Structure formats: structure tokens, C-alpha cells
Amino acid sequence: MKNLTFANIAKACEGTYIGDETQLDTTITGAVIDSRQVKEGYLFIPIKGERVDGHKFIPAVFEQGAAIVLSEHELKDPAGPYVLVESTTDAMKKLAAFYRKSLDIKVVGITGSVGKTSTKEMISSVLEQKYSCLLYTSPSPRDLSTS
């Protein structure tokens, strides 16, 4: 993922990097909030849900190959580097904004309570006549509460 080195992640999240300083130039290969989706080289962002706190999965994601994690708590004997932040959800928003600004692409956002899917499909069908399009539907808040 372009420009998402450990150093840039810490800077973008306004957090404190804790780990081997020689790894600061390491670039992540992906980022997820669901511990079951972690792959080698990924950033894991633990989210506190109504029933589950994603922080409890931090040891497991390192075993799965996570390169780095965000955490709202100091970790005792972590198996890898982490960025200490006040809020993982706020850090995720800041990191997404940093990443989006690093890309030279046009984005169309659709909001509202009715008609989003139809509008998305209509806009996509028009734009696909000239451009390559990627359709993305953000998860609902309910989806963000699981890890």
C-alpha cells in the first residue's frame, strides 16, 4: 500500500510508534479491522464493539503474520510493533484520509437514507463508458463492531 510505512502510519494516526526502529520504513500490504482477515504484512486495527474488544485479538494477529497493530493500550511483551493511539477508530479515519490524499484518483461519494445503491449503479454505468471504476460500499456501523 503506497506510502503506508510504519513511520507514516504513526505520523498519520498521531500516535507513538513502539517497536524496532529499524522497521520504520516497512510498508504494510493491507489493513483490516477483522482479525480473521489478517494476512502476512497487514496492519490490524482493533475496534471496540458492543460485545467484543478487538484488542483481545492482538496476540493472535501477530501469529497470523500481522506486521503492525494499532492499540489504545500499552501492550506487555508484544510479538511485534504497534502504534499507541488514543482512539483506534479516530486513528483509522486519520490513516484513511492520509492514504486517500496520497492517491491521484477521482472519488464520487454518495450519502443519504434512500436510493444510494441505485444511484451508485447508475453513476457507475455512465462512468464506465470512459473510465475504470471500482465500486465500494462502506460497512455499516454494525459490521464495524465485530472482530
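**Exercise 1. Place Val 108 and describe its surroundings.**

Step 1. Val 108 sits in the loop that runs between helix 3 (88-102) and helix 4 (116-127). The model is predicted.

Step 2. Check exposure. The cut-off for exposed is over 50% relative accessible area. Val 108 has 52% relative accessibility, so Val 108 counts as exposed.

Step 3. Look for nonpolar partners on the surface. Val 108 joins Ile 110, Leu 127 and Tyr 131 in a nonpolar surface patch of about 340 Å².

**Exercise 2. Lay out the fold of the protein chain.**

Step 1. Count the elements. The protein chain has five helices and five strands.

Step 2. Put them in order. Along the sequence the pattern reads α-β-β-β-α-β-β-α-α-α.

Step 3. Give the dimensions. Along the principal axes, the C-alpha atoms fill a box of roughly 50 × 35 × 25 Å.

Step 4. Consider the contacts with a separation of 6 or more. Of these, 48% link residues 24 or more positions apart.

**Exercise 3. Find the largest nonpolar core and its best-connected members.**

Step 1. The largest nonpolar core holds 19 residues. Ile 9, Leu 43, Ile 68, Leu 70 and Val 83 touch the most other members.

Step 2. Trace the core to its elements. Helix 1 (6-13), strand 4 (68-71) and helix 3 each give two or more residues. Helix 1 supplies the largest share, five residues.

Step 3. Zoom in on Ile 68. Leave out residues up to four places away in sequence. Ile 68 then touches a list of residues including Phe 6, Ile 9, Tyr 17, Ile 28, Phe 62 and Pro 81. Leu 43 and Val 83 are also among the residues that Ile 68 touches.

Step 4. Look for a further core. Another one, of 11 residues, lies apart from the largest core. Its members include Val 32, Tyr 42, Ile 58 and Ala 66.

**Exercise 4. Classify Cys 13 and Cys 133, then count the disulfides.**

Step 1. Buried means under 20% relative accessible area. Cys 13 has 3%, so Cys 13 is buried.

Step 2. Cys 133 has a relative accessible area of 29%, so Cys 133 is partly exposed.

Step 3. A disulfide needs two cysteine sulfur atoms within 2.5 Å. By this rule the count is zero.

**Exercise 5. Summarise burial and surface for the protein chain.**

Step 1. The protein chain has 147 residues, and 33% of them are buried.

Step 2. The exposed area is about 9700 Å². Carbon and sulfur atoms supply 52% of that area.

Conventions. Residues numbered from 1 in each chain as written. Predicted model: local features only at pLDDT ≥ 70, side-chain atom pairs only at ≥ 80, totals over all residues. Heavy atoms only, no water. Patch = residues over 30% accessible without salt bridge, like charges linked within 9 Å, V, L, I, M, F, W, Y side chains within 5 Å. Areas by Shrake-Rupley, 256 points an atom, 1.4 Å probe, with all protein chains shown as cover. Salt bridge = Lys/Arg side-chain N within 4 Å of Asp/Glu carboxyl O. Helix = DSSP H or I, 4+ residues; strand = E, 2+ residues; numbered from the N terminus. Buried < 20%, exposed > 50% of the residue type's maximum accessible area, 1.4 Å probe, protein only. Core = buried A, V, L, I, M, F, W, Y, C linked by side-chain atoms within 4.5 Å. Contact = heavy atoms within 4.5 Å.
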